[in-house]
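The following exercises are to be worked through with the sequence and the structure at hand. Each task is followed by a stepwise solution.

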Amino acid sequence: MKILACYSNKGGVGKTATAVNLAYQSALNGYRTLLCDLDPQGASGFYLRIKPPKPKAAREGESFADFAWIAGAIRASDYANLDLLPASAEYRNVDIFLSRLKNRRSRLKKLLRAAGEDYQVAILDCPPNVSLLSENVFKAADRVVVPVIPTTLSVRTLEQLYRFFRDQGYQRRKLLPFFSMVQHGKNLHRDTMVALQKEYKRLLKSYVPFSAEVEKMGIHRAPVAVFAGRDQVAAAYRELWREVEGRVKLDNDKGEDGH
Ligand SMILES: Nc1ncnc2c1ncn2[C@@H]1O[C@H](COP(=O)(O)OP(=O)(O)OP(=O)(O)O)[C@@H](O)[C@H]1O
Ligand SMILES: [Mg+2]
């Protein structure tokens, strides 16, 4: 299984929109896909019309460590090949819980590998912070897809993320930044894109434009390709998926599994 995280330490940059639309594309391309909603807000599940599970009477964070609980919490979506691990209110306490464990930075990787054996791709929709959970994400992920709005503040956040990876010894090649919510009419966006493309060699070529169709995901409660397949933003997510798929070398896995 390949694990792709949609992560940024900045809020509201398009992580959830990216996770949902990439997961849909992954499933559409024949990969058995598990979208993991790691944000207690539960936006991914909302977009896929899946209710969060009822909170379990468990000790603080206990269920998170339990393979059976994770496997049992997984829900099918309306789409072929696409399942969801819904958000849990218990993720709020997950840092406290993880901090008590011995292998506290590699816990998520073990859990996902064990609980998600049936999947070829896991896509993680992450909350916007630097925490023990996000460090687990950095360890677990084969690639970290980072939406970057081409503005000064977002670029600063990206620099901080690269620095954090370097200082903490995480593999920087895992990071796949791409431009999100691009508005070509804005000089700042155009200039920032040109500057960053020179600086970051691993920056993805595909980008996602600013589009009202993405906002309408909240009304349709579906990936954009489902209700606006001909729109340029649906094409952008298809292209983004193709590029990410190429970077993570999923084709090998597909062959092995006979798909
Ligand atoms: N390409 C886009 N064009 C226009 N609006 C967008 C685009 N991508 C996301 N949005 C909108 O911006 C808001 C934030 O997007 P999203 O929830 O995907 O970001 P996020 O990084 O997951 O946020 P959070 O940090 O709160 O989890 C949402 O209202 C969403 O509909
Ligand atoms: Mg989000």
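**Exercise 1.** At what angle do helix H5 and helix H6 pack, and how far apart are their axes?

*Solution.* The model is a predicted one.
Step 1. Locate helix H5 at residues 107–115 and helix H6 at residues 132–140.
Step 2. The two pack at an angle of about 60°, and their axes are 7 Å apart.
Step 3. Angles of 65 to 115 degrees count as roughly perpendicular; the angle of about 60° therefore makes H5 oblique to H6.
Step 4. H5 contributes Arg107, Leu108, Lys109 and Arg113 to the contact, and H6 contributes Asn136, Val137, Lys139 and Ala140.
Step 5. Sorted by character, the residues of this contact of H5 with H6 comprise 4 charged, 3 nonpolar and 1 polar.

**Exercise 2.** Determine how the axes of helix H1 and helix H12 cross, and which residues meet.

*Solution.* Step 1. Helix H1 spans residues 15–28 and helix H12 spans residues 232–248.
Step 2. Their axes come within 9 Å and cross at roughly 70°, which means that H1 is roughly perpendicular to H12.
Step 3. From H1, the residues Ala17, Thr18, Asn21, Leu22, Gln25 and Ser26 meet Tyr237, Arg238, Leu240 and Trp241 of H12.
Step 4. The contact of H1 with H12 divides into 5 nonpolar, 4 polar and 1 charged residues.

**Exercise 3.** Describe the surroundings of ligand 1.

*Solution.* Step 1. Ligand 1 is surrounded by 16 residues, of which Gly12, Lys15, Thr16, Ala17 and Ser211 are the closest.
Step 2. Two polar contacts involve oxygen atoms of the ligand: one lies 2.7 Å from a side-chain N or O atom of lysine 15, and one lies 2.9 Å from a backbone N or O atom of alanine 17.
Step 3. A nitrogen atom of ligand 1 is 2.9 Å from a polar backbone atom of proline 209.
Step 4. Of the 620 Å² of accessible area that ligand 1 has on its own, the protein covers 81%.

Terms used: Residues are numbered from 1 along each chain as its sequence is written. Chains are lettered from A and ligands numbered from 1 in the order in which they are written. This is a predicted model: local features need pLDDT of at least 70, side-chain atom pairs count only at pLDDT 80 or more; totals for chains, interfaces and linings use all residues. Side-chain values use heavy atoms; hydrogens and water are left out. Axes are lines fitted to C-alpha atoms, for helices over the stretch in contact, and angles run from 0 to 180 degrees between N-to-C directions. Helices (H or I, at least four residues) and strands (E, at least two) are DSSP runs, numbered from the N terminus. Angles under 35 degrees count as roughly parallel, over 145 as roughly antiparallel, 65 to 115 as roughly perpendicular and the rest as oblique. Contact means heavy atoms within 4.5 Å. Ala, Val, Leu, Ile, Met, Phe, Trp, Tyr, Cys and Pro count as nonpolar, Asp, Glu, Lys and Arg as charged, and the others, Gly among them, as polar. A residue is near a molecule or strand if one of its heavy atoms lies within 4 Å of it. A polar contact is a pair of N or O atoms within 3.5 Å; within protein, one must be able to donate a hydrogen and the other to accept it, and residues adjacent in sequence count only if both atoms are side-chain atoms. Accessible areas come from the Shrake-Rupley method with a 1.4 Å probe; for residues, only the protein chains shown count as cover.
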